[in-house]
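Welcome! Please take a look at the sequence and the structure shown here before reading on.

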Amino acid sequence: EIDLTATAVDLNGTLDVSGTTTLGGNVEVNGYLKAQEGNTHWHFVSSTQDVDTKAVIDFPTQISMGSAITESGGQMTCTIAGTYLLMCQLNNASDYDDTTDVWFRQNTNRIGGSIYWEGPTAGQDYSNMGGHVIVTLAANDVVDVWGEGNWSGNTNAESGTYFQGIRIGE
């Protein structure tokens, strides 16, 4: 046990505290506060794909993925519980007339609203739309994007079709 009741404490180096720590008053940090347990993020993209019947949407190209996430066929398993921000953007593939209708899922249950648009008329070409949701996940919950549509994309970080997530809290 450490009693830090002094007026000021100057700590240089590393303070390793396990369990719960309560700090009263103001806490000033010079540098950064390392608050994330594990490496809990992902960024996957997709090149052009046409999904004609509702299914898990696979974003096969990994841009980045933390060590606490596993991916299989577009499904992300989050090994660390917490509050996550999920984000998806889809870019319509030219003037294809497919309707886009997708949503996020947690353990196969729909969460949040839809990313939806009806197929464009000629001349609308490469329009895009995105969605996001904040969700509380238990350890080993699986999240994905489910639906149908026809999207353009790329295999690099500039792709307009992507699925991202990051843990933002306990």
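The briefing below goes from the whole chain to its core and then to some points on its surface and loops.

This is a predicted model, in which local features need pLDDT of at least 70, side-chain atom pairs count only at pLDDT 80 or more, and totals for chains, interfaces and linings use all residues. Residues are numbered from 1 along each chain as its sequence is written, and side-chain values use heavy atoms, with hydrogens and water left out.

**The chain as a whole**

- The protein chain has zero helices and eleven strands; helices (H or I, at least four residues) and strands (E, at least two) are DSSP runs, numbered from the N terminus.
- Of the 170 residues in the protein chain, 35% are buried, where buried means under 20% relative accessible area, exposed means over 50%, and partly exposed lies in between (1.4 Å probe, protein chains only).
- Among contacts (heavy atoms within 4.5 Å) between residues at least 6 apart in sequence, 74% join residues at least 24 apart.
- About 10,200 Å² of the protein chain is exposed, and carbon and sulfur atoms supply 46% of that area, as computed by the Shrake-Rupley method with a 1.4 Å probe.

**The nonpolar core**

- The largest nonpolar core has 26 residues, and Trp42, Leu86 and Phe163 have the most contacts inside it; such a core is a set of buried Ala, Val, Leu, Ile, Met, Phe, Trp, Tyr and Cys residues joined through side-chain atoms within 4.5 Å.
- Elements giving two or more residues to this core include β1 (41-45), β5 (75-78) and β6 (82-92), and the largest share, four residues, comes from β6.
- Leaving aside neighbours within four places in sequence, tryptophan 42 is in contact with residues including Met65, Ile69, Leu86, Val143 and Phe163.

**A patch on the surface**

- Ile134, Ile166 and Ile168 make a nonpolar surface patch of about 270 Å²; patch residues have over 30% relative accessible area and no salt bridge (a side-chain nitrogen of Lys or Arg within 4 Å of a carboxyl oxygen of Asp or Glu), and nonpolar side chains are joined within 5 Å.
- Isoleucine 166 sits in strand β11 (residues 162-169) and is partly exposed, with a relative accessible area of 36%.

**Two asparagines with positive phi**

- Most residues other than glycine have a negative phi.
- Asparagine 107 has a positive phi near 50°; it lies in the loop between β7 (100-106) and β8 (109-117) and is partly exposed at 32% relative accessibility.
- Asparagine 140 has a positive phi near 75°; its place is in the loop between β9 (128-137) and β10 (141-152), and it is partly exposed at 48% relative accessibility.

Technical notes
Patch = residues over 30% accessible without salt bridge, like charges linked within 9 Å, V, L, I, M, F, W, Y side chains within 5 Å.
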